[in-house]
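Visitor: I've got some time and a fresh model to look at. Could you walk me through it?

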Amino acid sequence: MSTRGREHVYNFGAGPAALPTEVLEQVREDLLSYAGTGMSVMEISHRSAVYEQLQADAEAALRRLLGIPAHYAVLFLQGGASQQFAMVPMNLLPQGGQAGYVLTGSWSEKAMKEAQTFGRVRVVGSTKDTGYRRIPSDDELDISPDDAYVHITTNNTIVGSQWHRVPEIPRSIPLVADMSSDICSHPVDVARFRLIYAGAQKNLGPAGVTVVVADAPWLEHAAGDREIPAIFRYGVHVKARSTYNTPPTFAVYMVGLVAKWMLQQGGLLEMERRNRAKAEQVYSAIDDSEGFYQAVVEPTSRSWMNATFRLPTPALEAAFLERARAAGLVGLAGHRSVGGIRVSLYNAVPLTWCERLCTFMDDFRRNAEGLSD
Ligand SMILES: *Cc1c(COP(=O)(O)O)cnc(C)c1O
C-alpha cells in the first residue's frame, strides 16, 4: 500500500515524533472498523468489552516489553508528563516532609518547581553550573534518608543528555523517574524505580496519553495524608484501572500497537542495539568534523535519543536547517530555549535516516568550508 509521500521525509523531530510506518498502516486499516465491530476505536465506549480487551492488550504488551513486575500498576493517564510533575508531589510528598530532585535540565527544573508548591524540596544534585552539559556522578549526589523520594529525569530532551546508569542510592529511598523521552529505548530494571512516568509522544505513541508504572502496594501507603482531588489521586486510577473517567482511548490503542511493534522487532535489547548504532553514527559525524560541528554535551553523558550540536555561527545554523529541510530532513531545530541543532533518534527512526543525515552533514560542511576559503 502507498505510504503517501512518507518515503521522502526524514523526521528527526523531538516530539510528537516519528511513529513506525507499519503502525500507522495498521491504524489506517482499523480506522473505520476496529476488530470487526463496524466502529472506529474512537467510536467505542470505554466501558465496552472491546475497549477493555484493547487496553488489557496494550498493558500486557508494555509489561512484557519492559519486564514490569506483577505488583506494579500500569496506568494510562492524561495531562502529559507536566501533570505528573504535579501528581508526584501531590501524592508522594507528605505534609511536613521533603523530597529530593536531581537537576539535569529544564524538565527536571520544571518538575521541582511544581513540587515546591506542595512542600519542602531539596536539590540532591545539579549540573546547572556546567550548562547541564553532563549527568552528575553518584559521588555528587547528596542523598538524605529523610527524602520521601528522589526524582530524576532519565533523558534530558532539550540539552541532549542521558543517564546511562541508574544512580546508586539506598534502596530504602524511593526513586521516581521522568522517562518521557527514553522509555523503551533500552532495557531497564523497573524494580529499581518505585514510579516511572512518560508522556507517550516521544517513544510510545501519539500525544494524549501518559504512561505511569508504579509499585502498587507502595503507592497505596506512600500516598499521603493530603486532601487532593480524586482525579489527581494515583490510588483512584489504580482502583479504576485507568477508567475512573474516559481515558484517551485512541492514544491507548496506539501505544498498544507501538509496544507490539517493538516486541516484534526483538524487544528492548534490539531497540538498544539500534539506538546505540544510530547515536554512534551521528556523534561520529559531529566528532569527525574537525570542530565544525560542536557537540553540546560531554561524551559520557550524551543522549542516544537527542543528539545536540552547534555550528560556528547562527547564520550557518540557519542555513543548515534550511538546506536540511529542502533535503527532506525535518525537525532538526534545537528547542526554542537553547537553539542549535537537535537530532532526535527515537525508536521509529531507522539507521538509514541517520546515514542520510550524516551524508548531508558532511556535504554541508564541505560546502561551507569551501565558501569561507
Ligand atoms: C516532553 C517532555 C516533557 C513534557 O511533556 P508533556 O507531555 O508536554 O507535558 C517532560 N519531560 C520530558 C523529559 C520530556 O521530554
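**Aromatic rings**

Guide: Sure, and let's start with the rings: Phe292, Tyr293, Phe309, Phe320, Phe360 and Phe364 form one aromatic cluster. Keep in mind that this is a predicted model.

Visitor: How many aromatic pairs does the count come to?

Guide: Rings of Phe, Tyr and Trp pair if their centres lie within 6.5 Å. By that rule, the number of aromatic pairs is 15.

Visitor: Is the pair of phenylalanine 292 and phenylalanine 364 stacked, edge-to-face or tilted?

Guide: The ring centres of phenylalanine 292 and phenylalanine 364 are 6.3 Å apart. Planes under 30 degrees apart count as stacked, over 60 as edge-to-face. Here the angle between the planes is 45°, so the pair is tilted.

Visitor: How many residues apart are those two in the chain?

Guide: Phenylalanine 292 sits in the loop between helix 8 and strand 11 (294-295), while phenylalanine 364 belongs to helix 10 (residues 351-372). Both of these phenylalanines are buried. The pair links distant parts of the chain, and the separation is 72 residues.

Visitor: Which residue lies over the face of tryptophan 107?

Guide: A charge sits over a ring if, for Lys, NZ is within 6 Å of the ring centre and within 35 degrees of the ring normal. Over the face of tryptophan 107, at 4.9 Å from the ring centre, lies lysine 110.

**The sheet**

Visitor: Which strands are at the edges of the open sheet?

Guide: The open sheet has 7 strands in the order 2-10-9-8-5-3-4, with mixed pairing. From one strand to the next, the twist averages 20°. Pairing on one side only marks the edge strands, which are strand 2 and strand 4.

Visitor: Which residue in strand 10 stands opposite phenylalanine 76?

Guide: Strand 2 and strand 10 (residues 210-215) run antiparallel and are joined by 6 bridges. Opposite phenylalanine 76, in strand 10, stands valine 211.

Visitor: What angle does the direction of helix 4 make with that of strand 3?

Guide: Helix 4 (residues 106-116) packs on the sheet, where it touches strand 3, strand 4, strand 5, strand 8 and strand 9. Its direction and that of strand 3 make an angle of about 165°.

**Helix 7**

Visitor: Why does the distance between the end C-alpha atoms of helix 7 agree with its number of residues?

Guide: Helix 7 (residues 249-265) has 17 residues, and the expected span is 1.5 Å times one less than that number, so it should be 24 Å. The end C-alpha atoms agree with this, being apart by 25 Å.

Visitor: How many residues of helix 7 are buried?

Guide: The buried ones include Tyr253, Met254, Trp261 and Met262. What covers them includes helix 1 (21-30), helix 2 (49-66), strand 2 (72-77) and helix 8 (267-287). Helix 7 is mostly covered, and the buried count out of its 17 residues is 12.

**Backbone oddities**

Visitor: Is the peptide bond from glycine 15 to proline 16 cis or trans?

Guide: Proline 16 is in the loop between strand 1 (10-11) and helix 1. Omega for the bond from glycine 15 to proline 16 is near -10°, and the bond is cis.

Visitor: Is cysteine 184 buried or exposed?

Guide: Cysteine 184 lies in the loop between strand 8 (175-178) and strand 9 (195-199). Its phi is near 65°, a positive value in a residue other than glycine. Buried means under 20% relative accessible area. At 1% relative accessibility, cysteine 184 is therefore buried.

Definitions and conventions. Residues numbered from 1 in each chain as written. Predicted model: local features only at pLDDT ≥ 70, side-chain atom pairs only at ≥ 80, totals over all residues. Heavy atoms only, no water. Helix = DSSP H or I, 4+ residues; strand = E, 2+ residues; numbered from the N terminus. Buried < 20%, exposed > 50% of the residue type's maximum accessible area, 1.4 Å probe, protein only. Contact = heavy atoms within 4.5 Å. Phe/Tyr/Trp six-rings, centres within 6.5 Å; stacked < 30°, edge-to-face > 60°. Pairing = 2+ DSSP bridges. Axes fitted to C-alpha atoms, helices over the stretch in contact; angles between N-to-C directions.
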